[in-house]
Amino acid sequence: MNLLFAVVLGLHLVLKLWLSGRQVRYVALRAQSVPEQFAGTIGLDDHRRAARYTIAKQRFAMLEAIVGTLLFLALTWGGGLQWLYDVLGSLRADGLGFDLALVAAVLALLGLLDLPFAWWRQFRLEEHFGFNRMTQAMFFADALKSVLLGAALGLPLLAAVLQLMRAGGPAWWLAAWLLWSGFSLLLSIAYPWLIAPLFNRFTPLGDEALRQRIGHLLERTGFRSNGVYTMDGSRRSTHGNAYFTGLGAAKRIVFYDTLIERLHPDEIEAVLAHELGHFRLHHIAKGIVSSLAIALVWLALLGWLQTQPWFAASLGVATRADLPSNGLVLVLFGLVMPLFSFVFAPLRSAVSRRHEFEADAFAARHASAGSLVRALLKLYQENAATLTPDPVHSVFYDSHPPASARINRLLASASAAATP
Ligand SMILES: [Zn+2]
């Protein structure tokens with residue numbers, strides 16, 4: 001088993017580096033000329049800038065993948081977790097306290113090590129391409145808020161799960177799954193009005209003409225929501241976006257102010273129609289159901305691994321009979337799981353890309369395909385998103401279809417609608 005984990009760790013790194021390398025080469029080779037389809041709308045300077053941005057992000061992702069692998073090695077066979085386990089053991093903490101302290105210590109360590117990467121991404125990478133609007137103070141205030149929020153919400157949940165693990169029983173993981181399901185549903189309902197406002201200000205959409213236009217669209221599509229809001233995304237970044245949040249009566253539509261500034265009303269309407277499409281076609285509900293189903297499978301697997309003494313041993317940690325090991329199993333599981341689940345990334349991305357096409361078609365039916373094309377072109381340009389992604393990299397990572405594919409379909413539907 002030792003060997004199995006080592007091989008999977010190696011393959012995971014090689015695959016990630018290979019995919020990033022492909023993307024870098026593919027984009028670099030196509031950086032000097034705008035694809036014919038976009039020749040009239042995207043300038044060469046913007047196209048080159050998008051290529052440089054894409055490549056810079058990939059290089060950074062490669063560095064992160066390497067550091068992540070080294071960290072995995074240091075924690076497991078390098079003895080990091082063993083050391084922590086023994087040190088906490090010598091403090092004579094009791095069962096649940098011991099488990100909780102171990103998991104919290106590892107999470108704190110991982111969070112701390114991620115901080116310089118997040119900083120570099122914001123103040124070097126994003127800054128270099130003119131996207132950053134954050135100050136250093138805002139960055140660290142955000143980090144502190146995230147930690148406090150994570151602790152307030154996560155520690156009680158973690159304690160409850162560890163307690164269920166301790167109590168055992170043949171299907172403790174089923175109880176943990178019910179707990180997790182309830183927690184994540186509550187969180188999605190509470191997110192828009194409890195959590196998001198800690199980081200951003202949300203104001204109801206002000207523009208009266210635009211509000212009416214949106215009101216008509218909501219009526220046409222039979223949609224009731226808790227409102228359409230703008231978010232001060234420009235405080236942190238010039239990237240623009242729109243999203244749909246919340247569940248049931250609490251659901252709302254959020255536009256970044258950066259998006260509202262840049263798009264014409266008909267384009268905003270088309271983007272909103274796309275977001276409504278996700279809701280109307282049950283993409284959001286499907287997403288929730290499938291993520292809960294996946295959580296059930298993972299928890300069942302965790303329930304089995306908890307009873308397998310070889311699991312910790314093969315990852316380089318010798319457990320002791322006088323110390324609890326549930327926290328340790330949970331940490332190791334959290335480290336190992338992403339290595340295996342990366343195999344499913346193409347499936348996840350494929351489902352997401354299909355949903356994007358469906359939402360585009362919905363927008364073409366209920367708003368205007370031409371307006372959505374113009375909005376997409378602006379967004380690609382402003383966000384310096386590449387128009388020429390590597391197809392293999394795309395299979396793994398892209399939640400949205402390549403620009404050319406989306407726009408071709410929209411244009412085809414626009415011309416089909418124009419012919420009687
Ligand atoms: Zn979408």
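1. In this predicted model, Glu358 and Arg354 form a salt bridge whose closest N and O atoms are 3.4 Å apart. The two residues are separated by about one helical turn, because they stand four residues apart in helix H13. Both partners are partly exposed: Glu358 has a relative accessible area of 29%, and Arg354 has one of 49%.

2. Helix H13 (residues 345-366) also carries Glu356, a residue that donates to the zinc ion through OE. The protein donors are His274 (NE2), His278 (NE2), Glu356 (OE) and Glu356 (OE), at 2.1 to 2.7 Å from the metal. Along the sequence, the donor residues follow the spacing H-x3-H-x77-E. His274 belongs to helix H9 (residues 265-280), so its pairing with Glu356 in H13 ties together parts that are 82 residues apart in sequence.

3. The geometry of the zinc site deserves attention. The arrangement is irregular because the four donor atoms subtend angles of 52 to 137° around the ion; a tetrahedral assignment would need all angles between 85 and 135 degrees. His274 is buried, at 6% relative accessible area, and Glu356 is likewise counted as buried at 6% relative accessibility.

4. Helix H9 comprises 16 residues and spans 22 Å from its first C-alpha to its last, close to the expected 22 Å. The helix is mostly covered, with twelve of the 16 residues buried; among them are Val271, Leu272, Leu276 and the zinc donors His274 and His278. Just after H9, His282 adopts a positive phi of about 60°.

5. Helix H9 is also joined to helix H7 (residues 208-220) by a salt bridge. Glu269 pairs with Arg213, with the closest N and O atoms 2.8 Å apart. This contact links distant parts of the chain, Glu269 in H9 and Arg213 in H7 being 56 residues apart. The two partners differ in exposure: Glu269 counts as buried at 10% relative accessibility, whereas Arg213 is partly exposed at 33%.

6. A further long-range salt bridge joins Arg262 and Glu382, the closest N and O atoms lying 3.2 Å apart. Arg262 is in helix H8 (residues 257-262) and Glu382 in helix H14 (residues 369-382), so the pair ties together parts that are 120 residues apart in sequence. Arg262 is partly exposed at 24% relative accessibility, and Glu382 is partly exposed with a relative accessible area of 33%.

7. In total, the structure holds 16 salt bridges. Asp266, Glu267, Arg374 and Lys378 are linked in a network of such contacts. Of this network, Glu267 is listed among the buried residues of H9.

Technical notes:
Residues numbered from 1 in each chain as written. Predicted model: local features only at pLDDT ≥ 70, side-chain atom pairs only at ≥ 80, totals over all residues. Heavy atoms only, no water. Donors = N, O, S within 2.8 Å, 3.2 Å for Na, K, Ca; no water. Tetrahedral: all angles 85-135°; square planar, octahedral: opposite > 155°, others 65-115°. Buried < 20%, exposed > 50% of the residue type's maximum accessible area, 1.4 Å probe, protein only. Expected span 1.5 Å × (residues − 1). Salt bridge = Lys/Arg side-chain N within 4 Å of Asp/Glu carboxyl O.
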